[in-house]
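Biologist: Please take a close look at one part of this model, and then set it in the context of the rest. I would like the cut-offs stated as you go.

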Amino acid sequence: MPADAETTVTARVGDRASTVRLVVPEMDCPSCATKVETSLGRVEGVAESRLRPTTGSATVTYDPARATELDVVAAVERAGYVVADRNSDDDRSLEIAAPSAVLTSPRAVTTWIGAAALTAGLLVEFLPAGLNPEVALVLASPLRLSDALFLAAVAVSGAPVVRGGYYSARNRSLDIDLLMGTAILAATAIGFFVEAATLAVLFSVAELLEQYAMDRARDSLRELMELSPEEATVRRDGAEVTVPADAVEVGETVLVRPGEKIPLDGTVRDGESAVDQSPITGESVPVDKSAGDEVYAGTINDSGYLEVEVTSTAGESTLSHIIELVQRARAEKTEKERFVDRFAGYYTPVVVAFAVLTAAVPPLVLDGATTVGIGGLGVVLPGGWRPWVIRGLTLLVIACPCAFVISTPVSVVSGITSAADNGVLIKGGTHLEAMGEVDAVALDKTGTLTKGDLVVTDVVPFGDHDPDDLLRPAAALERRSDHPVGEAILARAEAAGVDGVPEPSGFEDLTGRGVRGDVDGETHYMGKPELFAELGFDLPSADTVTDGGAEAGIESTERAPDRLAALERDGKTVVLVGTDAALLGAVAVADEVRPGSSRAVERLHALGVDHVVMVTGDNEGTARAIAEQVGVDDYRAGQLPDEKVEAVADLQATHGEVAMVGDGINDGPALAAADVGVAMGAAGTDTALETADVALMADDVGKLPYLYALSNDATDVIRQNVWSSLGVKVLLAVGVPLGYVSVALAVIVGDMGMSLGVTGNAMRLARIAPGDTVPSS
């Protein structure tokens with residue numbers, strides 16, 4: 001199967017062809033798709049199948065003369081998966097499986113029942129013998145109450161696992177389902193009920209968590225698809241008509257009124273407005289648009305009226321490309337997650353073959369009695385087949401990967417619990433491990449290094465005016481505006497205690513330049529320096545008040561143009577305030593840097609991260625100023641979503657493993673393309689949060705170094721657990737044919753002992769807090 005998450009199977013078909021779209025919610029991993037692919041490949045007449053585990057959907061093309069739709073559905077069900085819905089027309093609504101209640105599903109219910117039975121069995125197992133009575137006699141062996149509870153857990157939680165293993169065997173897919181199903185059956189068959197029950201319950205819980213994560217990932221794709229309006233207002237034959245967005249052709253003109261979303265990519269042909277492009281570019285301030293400027297589908301027209309000539313269809317818009325990039329980037333990340341399946345493909349046949357050879361070959365060449373085990377743990381058995389069959393079964397016990405399999409889950413659960421207690425949500429063990437291998441970190445600016453909210457940073461009165469003379473009319477004008485700059489000025493005026501802010505009259509929005517209105521009977525203007533240049537003003541010297549109101553003094557030699565240019569070089573947005581007769585001063589606003597950003601970058605460097613870079617859709621001046629302030633090694637400005645993906649790829653090529661930290665929809669593709677995607681929590685959009693592998697829930701970028709340190713510690717623990725469990729099994733496996741290892745020793749040391757050992761080692765992660773490290777073992 002290909003490495004990506006979309007599988008395509010193609011065969012020859014006649015001139016006639018039919019297509020059916022299927023929803024298969026439980027097909028949520030590449031190995032699942034492999035089984036469906038194999039089953040469909042056996043249906044005569046199937047020409048092409050596109051299987052998308054990311055969305056839980058399949059599109060199958062077949063020859064109706066040789067196969068039917070029901071044949072296709074039956075093939076999917078023979079692979080072990082339920083077809084929840086299907087259609088045979090061009091309706092694309094079935095491209096993503098509907099949301100499902102994974103944690104309350106029938107599979108979840110059986111898992112919780114099995115967990116309860118396992119817990120009860122463990123409690124009874126360690127009670128005095130009299131409280132664990134025999135309840136039955138099976139094949140001349142007593143069955144105690146605890147054994148019955150363990151068997152109940154196996155039957156309830158293990159049945160879906162064994163069923164999955166059956167379908168894997170049926171479709172010749174030697175995957176994790178077959179491995180785990182075989183292990184459960186083997187452990188049960190030779191009487192190791194507690195191990196079988198533990199394995200069944202833990203693996204069922206892991207399966208549920210994977211399904212839950214995939215359903216959340218599908219939510220992010222649903223959100224992206226819903227971002228762009230379904231309808232557009234188009235001018236046709238001189239009349240305005242409303243049509244589906246996907247029916248609009250390139251070259252047509254769409255009309256966008258204030259407050260509406262722009263339905264398609266295009267070029268402005270008439271009108272002026274400020275457009276909120278943050279869903280696409282991540283810019284913190286709405287961008288002024290006029291004739292000749294490009295606009296993107298899914299962005300929001302804030303104030304003016306726009307006529308836009310469409311330059312791409314709905315399926316080719318920037319937003320559509322973002323969706324495609326998210327799906328493609330997720331597909332490219334599945335190889336590491338398939339490691340266990342690939343390992344099982346070698347591990348299982350080798351160990352099973354070794355066990356068969358051990359049981360079958362020696363009796364043909366050896367005679368006499370054979371001692372199995374050593375000391376009190378072993379027994380003397382007569383020669384012949386029996387001792388070697390027991391040794392073969394002992395090898396199957398050692399082959400049962402209980403300790404190996406739980407070595408990672410228990411470490412993951414412990415590490416994830418520790419992280420959650422400290423405000424970091426990690427969505428799986430793959431991401432926990434990967435974060436510890438990161439060599440470079442890419443940080444978005446808006447909402448990540450900065451708060452994503454504009455604040456007034458500088459108040460610059462001109463001439464003899466004081467700050468209140470400037471803030472009072474500015475706040476009055478902004479009472480009629482809903483622009484983010486206006487909100488920042490109102491907040492500053494309130495914080496400065498400016499009293500008696502009047503209601504303006506004659507208010508007018510000078511689209512693209514500023515606003516005008518009457519305050520206290522006099523006309524005032526507020527807007528870009530260009531507006532006042534048009535009014536013929538010469539900018540005087542500045543008396544500067546900065547950052548919270550502290551006076552910086554009069555610089556008589558500093559001209560206002562120099563001062564304003566310096567503010568703009570610092571990445572700040574500058575607006576002037578004045579009347580018809582005089583300029584009152586200037587106000588500078590900027591996106592405020594988070595207090596912990598600089599410290600976080602410093603700590604990442606100290607922990608061993610080689611390269612920290614800022615990747616933003618904002619302009620060069622703003623990017624440079626923020627980069628210098630927080631201390632990153634490099635920055636990239638003006639990055640669109642596909643360019644952010646390219647930036648991540650460049651970092652991977654030059655530095656190695658890369659973590660991307662962002663918060664906006666526009667960060668989604670880059671989050672998915674990185675080895676680890678980290679989303680800021682409350683400030684992040686649902687898409688960024690669900691697309692990402694890790695979420696910083698408290699919007700605290702300072703938790704990033706803690707995440708890196710915890711992941712390093714977790715990686716060490718997982719490595720210790722995996723290699724120690726495998727090492728012990730190898731030593732025991734070598735001793736079995738020589739008669740040094742009995743079944744009891746295999747269980748006590750190789751299975752139960754190692755399971756307890758790796759669990760205890762993993763639990764150390766739960767005690768880690770920010771600033772701590774795991775003590776070396």
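Modeller: Val365 belongs to helix α10, which covers residues 362-365; helices here are DSSP runs of H or I with at least four residues, strands are runs of E with at least two, and both are numbered from the N terminus. The model is predicted, so local features need pLDDT of at least 70 and side-chain atom pairs count only at pLDDT 80 or more, while totals for chains, interfaces and linings use all residues. Residues are numbered from 1 along each chain as its sequence is written, and side-chain values use heavy atoms, with hydrogens and water left out.

Val365 counts as exposed because its relative accessibility is 62%; exposed means over 50% relative accessible area, buried under 20%, and partly exposed in between, with a 1.4 Å probe and protein chains only. Together with Leu357, Val361 and Leu364, Val365 makes a nonpolar surface patch of about 410 Å². Such patches take residues with over 30% relative accessible area and no salt bridge, joining nonpolar side chains (Val, Leu, Ile, Met, Phe, Trp, Tyr) within 5 Å and like charges within 9 Å. The areas come from the Shrake-Rupley method with a 1.4 Å probe, and for residues only the protein chains shown count as cover.

For the chain as a whole, the accessible surface is about 33300 Å², and carbon and sulfur atoms hold 55% of that. Of its 777 residues, 51% are buried. Its secondary structure comprises 25 helices and 33 strands. Among contacts with a separation of 6 or more, 68% are between residues 24 or more positions apart, a contact being heavy atoms within 4.5 Å.

An open sheet of seven strands is a useful reference point: the order is β19-β33-β32-β31-β20-β29-β30, and the pairing is mixed. The edges are β19 (424-426) and β30 (634-636), each with a single partner strand, so one side of each has no neighbour in the sheet. On average, neighbouring strands of this sheet are turned by 20 degrees against each other, direction ignored. Angles run from 0 to 180 degrees between N-to-C directions, with axes fitted as lines to C-alpha atoms, for helices over the stretch in contact. Within the sheet, β20 and β29 (residues 611-615) run parallel and are joined by four bridges, with Val612 of β29 as the bridge partner of Val441. Two strands count as paired if DSSP finds at least two bridges between them.

Helix α20 (residues 620-630) packs on this sheet and touches β29 and β30, its direction making about 155 degrees with that of β30. Helix α21 lies across β20, β29, β30 and β31 (658-662), at about 170 degrees to β29.

A salt bridge also involves α21: the side chains of Lys644 and Asp444 meet at 3.3 Å, N to O. Lys644 is in α21 (residues 641-655) and Asp444 is in the loop between β20 (440-443) and α14 (445-449), so the pair ties together parts 200 residues apart in sequence. Lys644 is buried, at 1% relative accessible area, and Asp444 is buried as well, at 2%. The rule for a salt bridge is a side-chain nitrogen of Lys or Arg within 4 Å of a carboxyl oxygen of Asp or Glu, and 17 are counted.

Glu48 and Arg50 form another salt bridge, at 3.6 Å, N to O. Glu48 is partly exposed at 24%, and Arg50 is partly exposed at 31%. In Glu602 and Arg599 the closest N and O atoms are 3.4 Å apart; these two are three residues apart in helix α19 (residues 597-607), which means a separation of about one helical turn. Glu602 is partly exposed, with 48% relative accessibility.

Two hairpins follow one another between residues 505 and 527. Strands β22 (residues 505-510) and β23 (residues 514-519) run antiparallel with four bridges, and Glu508 has Arg516 as its bridge partner. Three residues separate β22 from β23, and Gly512 in that turn has a positive phi of about 85 degrees. Strand β23 is then joined to β24 (residues 522-527) by six bridges, again antiparallel, with Gly517 opposite His524. Two residues lie between β23 and β24, and Asp520 in the turn has a positive phi of about 55 degrees.

As a counterpart to Val365, Ser711 lies in helix α24 (residues 703-735) and counts as buried at 0% relative accessibility. Leaving aside residues up to four places away in sequence, Ser711 touches Leu432, Met435 and Gly436.
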